Amino acid sequence: MARWIRWLRRKPNADSSGGRNTSTSASLRPKGINPFMHANDHDRPTAAVSGDSDDQGLAITTEQRGQIVVLSVAGNVDMVTAPQLSHTITQALAGAPGGLIIDLTETDFLASAGMTALINAHTEIGPEGAFGVVAQGPSTARPLELMGLNKVFSIYPDVNAAVSAMTIS
Amino acid sequence: MWLRSTLRTTDGRLADINLVVHEALANSVEHAYDGRVDSSGLICITARYVEKTRSLDVSIRDCGTWLHRAEPISGRGRGLPIIHRLCDQPTFTSTPAGTTVDLHWTLFA
C-alpha cells in the first residue's frame, strides 16, 4: 500500500510552475494483492537480518543487548509487511528475553497494521518483560503519540536511551 | 514530491496525509475487495488542492460492497480511528455501486 502512496507522491509535478490549483487522479487496479492471507508469510526465512528492503519486505536486524533483544526495522511497516514484523517478534520472544525493543529509527512509514503489531508485542511479552519502542519524527513517533500509544508503552528517542531505561527498571 | 512541493506545509501534516490516505486505501482493499488473492478491483484516487483556501481534498472511490465484518482481519481495526483522528473532515458514502471516502484538510501555514 505504501507503494501506492509513494506512487501518488511521485506523480509528475505537471504544474510545477506553481499553479494555484493542482490536482492529480489515478485509477489503480490492485491485481493479486492480498496483504492478509499469505499462508507463507510465516515461512519466510528470518535470520539476523530478515527479508530485504524492497517494496515488499522489511529488513529487520536482531541485536542482543544484555538481556534485551533489539529488533531494528527498516522499510515500510504496513498491512503487507506487518506479518513479517509480528513473526520476527514472536521468534524473538520465544527466547524469553528480559526485554524487547522495537527500533523504528530506520522505518520510513508506520501504518495501523504496524501499530497493532507493536501493541500485540507489548501484550505478548507480558508483565514479566520490559517493552519499549524507539521512534522519532513525523512518520513514526508522531502517529504513535497522536493515537495515544505512548500511554500504552514507552517510546524512546534512541536505542541507547531505551536500553538504559529498561535495564534500570 | 507532489505533496511537499505543492502543499508547503509541515512534515508532520504531510505524514498525517500520507498515513490517512494509506489507511483509506487499506480500508478499500479490506472491506470492498475482501483482501482476496485473486481480487482485481478498481480504486480511484482524486486529489485537489486549492491554494487560495489552502484546502486539500482527497477522494478514494472503490466499486465494491462495504463489508461489515464480525471479526476484523488480523492486524487491522485501527484504520478508521486514524482517519478520524488525523483528518479534519472525513466522510464515508456507501452505495450499492461502491464506497467513497472523502478526506479534507485545511492547511495552515
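The following exchange between a colleague and a modeller walks through a predicted model of two chains, A and B.

Colleague: Which average pLDDT does chain A have, and over which residues from its start is the pLDDT below 50?

Modeller: In this predicted model 66% of the residues of chain A score at least 70, and the chain averages a pLDDT of 76. Where pLDDT is low, the predicted coordinates should not be read in detail. That caution applies to a stretch of chain A that has 114 contacts in the model beyond near neighbours in sequence, and whose pLDDT is below 50, namely residues 1-48.

Colleague: How many helices and strands does chain A have, and how many does chain B have?

Modeller: From the N terminus on, the elements of chain A run α-β-β-β-β-α-β-β-α-β-α-β-α, whereas those of chain B run α-α-β-β-α-β-β. Chain A therefore has 5 helices and 8 strands under the DSSP assignment, and chain B comes to 3 helices and 4 strands.

Colleague: What share of the residues in each chain is buried?

Modeller: Chain A, with an accessible surface of about 8,000 Å², has 169 residues, and buried ones make up 47% of them. Chain B exposes about 5,000 Å², and of its 109 residues the share that counts as buried is 56%.

Colleague: Which two residues form the aromatic pair, and is each of them buried or exposed?

Modeller: A search of the whole structure finds 1 aromatic pair over all chains. The pair is edge-to-face, with 5.5 Å centre to centre and 75° between the planes, and its members are F131(A) and F153(A). These residues are 22 apart in the chain, F131(A) in strand β7 and F153(A) in the loop between α4 and β8. Because residues under 20% relative accessible area count as buried, F131(A) at 8% is buried, and F153(A) at 3% is likewise buried.

Colleague: Is E128(A) buried or exposed, and what distance separates its C-alpha atom from that of L144(A)?

Modeller: E128(A) lies in the loop between α3 and β7 of chain A. Its relative accessibility is 77%, and since the cut-off for exposed is over 50%, E128(A) counts as exposed. E128(A) and L144(A) are 16 residues apart along the chain, and their C-alpha atoms are separated by 24 Å.

Colleague: Which residues of the largest nonpolar core touch the most other members, and which helix supplies the largest share of this core?

Modeller: The core holds 59 residues, and the members that touch the most others are L100(A), L144(A), L103(B) and W105(B). Beyond four places in sequence, L144(A) touches residues including L104(A), M115(A), V133(A) and F153(A), the last being a member of the aromatic pair. A second, separate core has 9 residues, among them Y156(A) and V163(A). The largest share of the 59-residue core, 9 residues, comes from helix α2 of chain B.

Colleague: How do strands β1 and β2 of chain B run, and which residue in the turn has a positive phi?

Modeller: Strand β1, residues 43-50, is joined to strand β2, residues 55-62, by 8 bridges, and the two run antiparallel. V50(B) stands opposite S55(B) in β2(B). The strands form a hairpin with 4 residues between them, and the turn residue whose phi is positive, at about 50°, is R54(B).

How values were computed. Residues numbered from 1 in each chain as written. Chains lettered and ligands numbered in written order. Predicted model: local features only at pLDDT ≥ 70, side-chain atom pairs only at ≥ 80, totals over all residues. Heavy atoms only, no water. pLDDT = per-residue confidence, 0-100. Contact = heavy atoms within 4.5 Å. Phe/Tyr/Trp six-rings, centres within 6.5 Å; stacked < 30°, edge-to-face > 60°. Buried < 20%, exposed > 50% of the residue type's maximum accessible area, 1.4 Å probe, protein only. Areas by Shrake-Rupley, 256 points an atom, 1.4 Å probe, with all protein chains shown as cover. Pairing = 2+ DSSP bridges. Core = buried A, V, L, I, M, F, W, Y, C linked by side-chain atoms within 4.5 Å.
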